[in-house]
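Q: Please take a close look at one helix of this model and its surroundings. A connected account of burial, packing and contacts would be welcome.

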Amino acid sequence: MLDDKVKPDEFVANVINLREKMFNIHTKSFSKDNTIDLTIKTSFENFLNQESEKTAMSLVYYLDDQFKKEFKNLSEVEINDRLERVIKIFRYLQDKDVFEGFYKNSLSKRLLDARGVGGSIYLEEAEKLLVLKLKEECGF
């Protein structure tokens, strides 16, 4: 599943693009057929949970990269869109607690780094938005 030659953040970006491509085909060619929808969902779940710890870690690396580099140049709407795409992939994970452990460490480091550098309120809002989205998915 996860090739050691592909960086974790690239892997997640590829999965996000593949999911969007599949759902575009699903919508345009199959008129949102429920059987196709279920097949896509099951396929992504099986694929991403083969090595769920690596998948969870890759999602966290991707988010970390987005917060450190990409989000600084994006509008609030674009950030929300990217976070929503990650949440759509997150939904396929069965071991959400593994993701949570990796995410807590990553978030802590980002918050400490931002504090030392004088972090952006804008990025803090994006962090809060992601935490809110994760709470909606998993509960408290």
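A: Contact here means heavy atoms within 4.5 Å. The model is a predicted one, and the account below centres on helix α2, which comprises residues 34-48.

Helix α2 has 15 residues, which at 1.5 Å a residue should span 21 Å; the C-alpha atoms at its ends lie 21 Å apart, so expectation and model agree. At the start of α2, a side-chain oxygen of Asp-33 comes to within 2.9 Å of the backbone nitrogen of Thr-35.

Four residues of α2, namely Ile-40, Phe-44, Glu-45 and Leu-48, are buried. Viewed down the axis of α2, these buried residues fall within an arc of 130°, and they therefore line one face of the helix. Thr-35 and Leu-38 are exposed and sit on the face of α2 turned away from the buried side. The buried residues of α2 pack against α1 (8-30), α3 (52-70) and α4 (76-90).

Two of these partners, α1 and α4, also meet each other: their axes come within 10 Å and cross at roughly 85°. Angles of 65 to 115 degrees count as roughly perpendicular, and α1 and α4 are therefore roughly perpendicular to each other. On the α1 side the contact is made by Val-15, Ile-16, Arg-19 and Glu-20, and on the α4 side by Arg-85, Val-86, Lys-88 and Ile-89.

A further buried site is found in helix α6 (residues 121-138), which contains Glu-127. Glu-127 counts as buried because its relative accessibility is 8%, the limit being under 20%. Apart from neighbours within four places in sequence, Glu-127 is in contact with Phe-67, Tyr-103, Leu-107 and Arg-110.

Definitions and conventions
Residues are numbered from 1 along each chain as its sequence is written. This is a predicted model: local features need pLDDT of at least 70, side-chain atom pairs count only at pLDDT 80 or more; totals for chains, interfaces and linings use all residues. Side-chain values use heavy atoms; hydrogens and water are left out. Helices (H or I, at least four residues) and strands (E, at least two) are DSSP runs, numbered from the N terminus. The expected span of a helix is 1.5 Å times one less than its number of residues. Buried means under 20% relative accessible area, exposed over 50%, partly exposed in between (1.4 Å probe, protein chains only). The arc is that of the directions from the helix axis to the C-beta atoms. A polar contact is a pair of N or O atoms within 3.5 Å; within protein, one must be able to donate a hydrogen and the other to accept it, and residues adjacent in sequence count only if both atoms are side-chain atoms. Axes are lines fitted to C-alpha atoms, for helices over the stretch in contact, and angles run from 0 to 180 degrees between N-to-C directions. Angles under 35 degrees count as roughly parallel, over 145 as roughly antiparallel, 65 to 115 as roughly perpendicular and the rest as oblique.
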